[in-house]
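The following exercises are to be worked with the sequence and the model at hand. Each task is followed by a solution in steps.

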Amino acid sequence: MTSYAAAGVDIDAGDRAVELMKSRVARSHRPEVVHDVSGFAGLFDASAFLRYRRPLLATSTDGVGTKVMLAQRLGKHDTIGIDLVGMVVDDLVVCGAEPLFMTDYIACGKVVPERIADIVGGVAEGCRLAGCALVGGETAEHPGAMGPDEYDLAGAGTGVVEASELLGPDRVKPGDVVLALASSGIHSNGYSLVRHVIASAGLSLEQEIPELSRTLGEELLEPTRIYALDCLALIREAEVHAFAHITGGGLTANLARSLPSTVDALLNRGSWTPPAIFDVLAGHGSVPQAEMDKTFNLGVGMCAIVPAAEVDRATALLSERGVPAWVLGEIVEGTGEARFA
């Protein structure tokens with residue numbers, strides 16, 4: 001007899017996954033989350049917007065790229081959702097928006113309830129770290145299109161910012177200082193090059209790398225640092241002109257997006273030592289510096305552009321919050337470029 005299950009879709013497994021993830025998702029909820037009995041939509045009480053004079057909603061969507069392939073190979077699925085949240089909410093906070101809520105989407109070849117619950121649990125934990133709520137999502141089983149152990153995930157987030165407090169290039173001026181906020185590692189960009197280096201150099205995810213003091217796989221799955229609450233705290237306590245989330249394209253390309261056409265950002269490569277994983281990849285893969293620069297964050301996951309008078313206050317606040325930060329460069333008159341001096 002032909003059935004949906006015979007075609008490879010297990011509705012009961014999906015229902016069990018939902019039950020397993022419920023308690024983890026609940027830990028991410030904010031007071032504004034409203035329970036929807038039907039479960040078809042996530043509800044968020046917007047009456048909080050009444051305190052704004054002109055609230056602007058900000059939205060962002062992203063995934064985690066081929067980092068999911070390493071999670072699948074290592075059978076570790078509980079942190080990849082943190083990466084997803086970082087990619088979404090830290091785009092929102094660049095304009096000064098407070099992340100409010102997220103939804104996620106998981107496509108997989110076969111629903112394994114425990115695996116799905118681990119993935120969504122990671123998303124919920126990331127939302128908790130970002131101060132936003134996971135209000136809904138979807139898990140889709142795609143037998144035939146994906147292998148039984150394959151999956152991919154994406155998410156979308158919404159935030160809010162007062163129009164008069166919107167951050168961005170129009171606030172940046174000569175004399176400002178570029179602060180670097182340390183990354184936790186590679187984050188979620190450049191993993192196609194990472195996998196190419198691993199394959200071409202004959203490396204194993206299970207092998208101990210002396211420079212890393214742990215296995216290569218453990219290093220590569222290190223979750224993305226989520227900066228949202230740190231950036232919001234910085235906005236409250238100091239004058240901030242702009243942020244730049246350092247993702248695909250590296251430091252110079254992403255920082256240039258936060259500059260007006262009348263200034264340049266001059267960066268000091270000697271101001272920090274990139275984490276060892278980047279030297280490992282460059283060495284084993286014979287990757288030139290220019291390629292490393294445009295592919296990876298090199299240890300800088302977020303930049304803040306602040307007036308020179310705010311540098312000490314900003315770095316002290318970030319240090320108190322456990323985020324290493326340092327002066328990366330300066331803003332000078334120019335044509336809208338970011339470059340290493």
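**Exercise 1: The surroundings of helix H11**

The buried residues of H11 pack against strand E7 (177-182), helix H7 (228-237), strand E12 (300-306) and strand E13 (325-333). The model is predicted, so local features require pLDDT of at least 70 and side-chain atom pairs pLDDT 80 or more, whereas totals for chains, interfaces and linings use all residues. Residues are numbered from 1 along each chain as its sequence is written, and side-chain values use heavy atoms, with hydrogens and water left out.

Task: Determine which residues of helix H11 (residues 311-320) are buried, and which are exposed.

Solution.

Step 1. Helices (H or I, at least four residues) and strands (E, at least two) are DSSP runs, numbered from the N terminus. Buried denotes under 20% relative accessible area, exposed over 50%, and partly exposed the range in between (1.4 Å probe, protein chains only).

Step 2. Val 311, Ala 314, Thr 315, Leu 317 and Leu 318 of H11 are buried. Viewed down the axis of H11, these buried residues fall within an arc of 160 degrees, so they line one face of the helix. The arc is taken over the directions from the helix axis to the C-beta atoms.

Step 3. Asp 312, Ser 319 and Glu 320 are exposed on the other side of H11.

Step 4. After H11 comes Gly 322, with a positive phi near 85 degrees.

**Exercise 2: Packing of H7 with H11**

Task: State at what angle H7 and H11 pack, and which residues make the contact.

Solution.

Step 1. Two packed helices are described by the angle between their axes and the distance between the axes. Axes are lines fitted to C-alpha atoms, for helices over the stretch in contact, and angles run from 0 to 180 degrees between N-to-C directions.

Step 2. The axes of H7 and H11 are 10 Å apart, and the packing angle is about 140 degrees. Their crossing is right-handed. A crossing is left-handed if the near helix is turned anticlockwise from the far one by less than a right angle, and right-handed if clockwise.

Step 3. Contact means heavy atoms within 4.5 Å. H7 contributes Asp 230, Ala 233, Leu 234 and Glu 237, and H11 contributes Arg 313, Ala 314, Leu 317 and Leu 318.

Step 4. Ala, Val, Leu, Ile, Met, Phe, Trp, Tyr, Cys and Pro count as nonpolar, Asp, Glu, Lys and Arg as charged, and the others, Gly among them, as polar. The contact of H7 with H11 accordingly holds five nonpolar, no polar and three charged residues.

**Exercise 3: Packing of H5 with H9**

Task: Establish how helix H5 (residues 191-201) and helix H9 (residues 276-285) cross.

Solution.

Step 1. The axes of H5 and H9 come within 9 Å and cross at roughly 50 degrees. H5 is therefore oblique to H9. Angles under 35 degrees count as roughly parallel, over 145 as roughly antiparallel, 65 to 115 as roughly perpendicular and the rest as oblique.

Step 2. The crossing of H5 and H9 is left-handed. Val 194, Val 197 and Ala 201 of H5 meet Leu 281, His 284 and Gly 285 of H9 in the contact. Four of the contact residues are nonpolar, two are polar and none is charged.

Step 3. Ser 286 is found in the loop between H9 and helix H10 (289-295). Its phi is near 50 degrees, a positive value in a residue other than glycine. Ser 286 is exposed, with a relative accessible area of 62%.

**Exercise 4: Ile 80 and its helix**

Task: Decide whether Ile 80 is buried or exposed, and which residues Ile 80 touches.

Solution.

Step 1. Ile 80 lies in helix H3. With 1% relative accessibility, Ile 80 counts as buried.

Step 2. Leaving aside residues up to four places away in sequence, Ile 80 touches Val 64, Lys 67, Val 68, Ala 71, Ile 119, Tyr 151 and Leu 153. Between Ile 80 and Leu 70 the C-alpha to C-alpha distance is 9.8 Å, at 10 residues apart in sequence.

Step 3. In helix H2 (residues 67-74), the buried residues include Lys 67, Val 68 and Ala 71. H3 is among the elements that cover the buried residues of H2.
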